[in-house]
Amino acid sequence: MSEILVLVEHVDGEVKKVTLELLTLARSLGTPAAVWAGPGYGEAARARLAEYGAQKVYVAADQEIVDYVVAPKAELLAKLVAEKSPAAVLVASTAEGKEIAGRLAIKTDSGVITDAVGLGEGFVADQSIFGGGVNVKSRVVKGTPIVTVRPNATPPEPAPGDAAEEQVTVELSEAARAARIVERVKQEKDARPELTEAAIVVSGGRGVGSAENFAIIEKLADSLGAAVGASRAATDAGWYPHQFQVGQTGKTVSPQLYIAAGISGAIQHRAGMQTAKTIVAINKDPEAPIFELADFGVVGDLHQVVPQLIEEIEKR
Ligand code: FAD
């Protein structure tokens with residue numbers, strides 16, 4: 001079976017969950033081959049990639065690859081596409097991943113599909129478009145299929161692979177050195193899971209009422225081991241930081257469970273969360289559009305409903 005290249009997302013040498021998902025998906029379609037860009041590759045990373053079925057690991061450990069913005073990773077993948085003729089390339093649907101995929105598509109004269117929520121035989125991708133109003137199936141018909149897949153689209157399942165290492169060197173072009181990263185500022189480590197990767201997300205909207213009131217949204221999130229999200233109304237009001245905004249102009253999440261508290265369900269909000277597996281809405285207005293989308297709904301004041309929910313969860 002042909003190789004399917006999976007670009008590894010890693011932080012401090014640790015493989016991110018989305019890569020395990022992509023390896024699981026790649027296994028259902030061919031032979032997964034992980035691509036490690038930058039320093040940090042070690043035995044722990046190798047073991048993790050092997051555990052989730054990587055048969056090969058192409059390692060380009062050069063510091064230069066991460067010294068510049070995005071372009072070197074696209075050049076690395078383009079080189080591997082030219083040399084290994086993979087059946088497809090899978091990249092996580094993050095802001096960086098989508099930029100890499102776009103650049104790679106140009107370099108390899110291939111088609112690219114972004115934000116897939118599923119990928120089946122013949123690399124037919126499922127996408128949810130127009131703010132979630134339409135589901136489409138699409139397939140790349142030119143070159144090597146390049147697909148960015150949303151985090152949480154596939155549950156990661158272990159299945160051992162060889163993870164045979166092959167070192168790769170890439171001669172960066174002048175263009176790839178056009179934008180150098182001059183400083184990296186580490187964000188304070190939040191004890192909660194990363195919003196786009198979390199299996200459960202609890203989001204608050206205008207109905208929460210104030211920045212202080214977001215404490216109950218956080219408390220509910222913590223009782224479930226969830227990430228916290230917010231609608232744009234809440235972030236614009238300064239009640240919660242913008243980096244946690246879910247929606248068209250915020251983050252896209254695809255968790256197993258999404259709880260929307262005091263959120264009306266505007267199309268721009270739906271665009272960022274409507275592929276969640278199960279949606280629970282808490283809203284005092286029974287006519288709120290979020291109920292059209294929700295699997296479970298509670299009509300009530302969130303300031304009464306959420307504390308009761310927390311109490312119930314904490315009992316278990
Ligand atoms: P509202 O629409 O005001 O809804 C508040 C809800 O809370 C209501 O349904 C109300 O019944 C309920 N409520 C009030 N009090 C309580 C209570 N005590 N208990 C329970 N329920 C209560 N929005 C996003 O979220 N993300 C985006 O990325 C985004 N991008 C946008 C991009 C563009 C170009 C535009 C034009 C808009 C965008 N928006 C985005 C804004 C979007 O259109 C909505 O205005 C926004 O989502 C509304 O947020 P909300 O649901 O919190 O507030």
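**Figure 1. A polar contact between D301 and the ligand.** In this predicted model, D301 brings a polar side-chain atom to 3.0 Å from a nitrogen atom of the ligand. Taken as a whole, the protein covers 75% of the 980 Å² of accessible area that the ligand has on its own. Keep D301 in sight as you move to the next view, where two further side chains come into the picture.

**Figure 2. S264 and N283 beside oxygen atoms of the ligand.** Let us start with S264: a polar atom of its side chain lies 2.7 Å from an oxygen atom of the ligand. Now look for N283, where an N or O atom in the side chain is 2.7 Å from an oxygen atom of the ligand. Both S264 and N283 are listed among the closest residues to the ligand, together with R206, S231 and T249.

**Figure 3. The shell around the ligand.** How many residues surround the ligand? There are 25 of them. Sorted by class, the shell holds 15 polar residues, five nonpolar ones and five charged ones. Three helices are worth finding here: α7 (232-236), α8 (267-270) and α10 (302-315) each supply at least two residues of this shell. And where does the ligand sit? The space that it takes is the second largest pocket.

**Figure 4. Helix α1 and its surroundings.** Here is a helix that is easy to lose from view: nine of the eleven residues of α1 (residues 17-27) are buried, so the rest of the structure largely encloses this helix. Which residues of α1 are buried? Walking along the helix, they are V18, T19, L20, E21, L22, L23, T24, L25 and A26. The list includes E21 as well as several leucines, among them L20 and L22.

**Figure 5. T24 of helix α1 and P156.** Staying with helix α1, we now pick out T24. Its relative accessibility is 9%, and T24 therefore counts as buried, the cut-off being under 20%. How far apart are T24 and P156 in sequence and in space? In sequence they are 132 residues apart, while their C-alpha atoms are 5.7 Å apart.

**Figure 6. Two residues with positive phi in one loop.** Most residues other than glycine have a negative phi. With that in mind, follow the loop between β11 (146-149) and β12 (164-167) until you reach N152. Although N152 is not a glycine, its phi is positive, at about 75 degrees. Is N152 buried or exposed? N152 is buried, with a relative accessible area of 5%. A163 also belongs to the loop between β11 and β12. Phi of A163 is positive too, near 45 degrees, and this residue is likewise not a glycine. A163 is buried, and its relative accessible area is 2%.

**Figure 7. A101 in helix α5.** Look next at helix α5 (residues 95-108), where A101 has its place. A101 has a relative accessible area of 0% and is buried. To get your bearings, find V89, twelve residues from A101 along the chain; the C-alpha atoms of this pair are separated by 8.6 Å.

**Figure 8. A261 in strand β15.** Strand β15 (residues 257-261) contains A261. With a relative accessible area of 0%, A261 is buried. For a sense of scale, trace the chain from A261 to E166, 95 residues apart: their C-alpha atoms are separated by 49 Å.

**Figure 9. V117 between two strands.** Our last stop is V117, in the loop between β7 (112-116) and β8 (118-120). Its relative accessible area of 24% makes V117 partly exposed. Where does I313 lie with respect to V117? The two are 196 residues apart in sequence and 30 Å apart in space, C-alpha to C-alpha.

Note on methods:
Residues are numbered from 1 along each chain as its sequence is written. This is a predicted model: local features need pLDDT of at least 70, side-chain atom pairs count only at pLDDT 80 or more; totals for chains, interfaces and linings use all residues. Side-chain values use heavy atoms; hydrogens and water are left out. Buried means under 20% relative accessible area, exposed over 50%, partly exposed in between (1.4 Å probe, protein chains only). Helices (H or I, at least four residues) and strands (E, at least two) are DSSP runs, numbered from the N terminus. A residue is near a molecule or strand if one of its heavy atoms lies within 4 Å of it. A polar contact is a pair of N or O atoms within 3.5 Å; within protein, one must be able to donate a hydrogen and the other to accept it, and residues adjacent in sequence count only if both atoms are side-chain atoms. Accessible areas come from the Shrake-Rupley method with a 1.4 Å probe; for residues, only the protein chains shown count as cover. On a 1 Å grid over the protein atoms alone, a cavity is a set of points where a 1.4 Å probe fits but cannot get out, and a pocket is an open set with protein on both sides within 12 Å along at least five of seven lines; lining residues have an atom within 4 Å of a point. A molecule sits in a cavity or pocket if more than half of its atoms lie within 2 Å of its grid points. Ala, Val, Leu, Ile, Met, Phe, Trp, Tyr, Cys and Pro count as nonpolar, Asp, Glu, Lys and Arg as charged, and the others, Gly among them, as polar.
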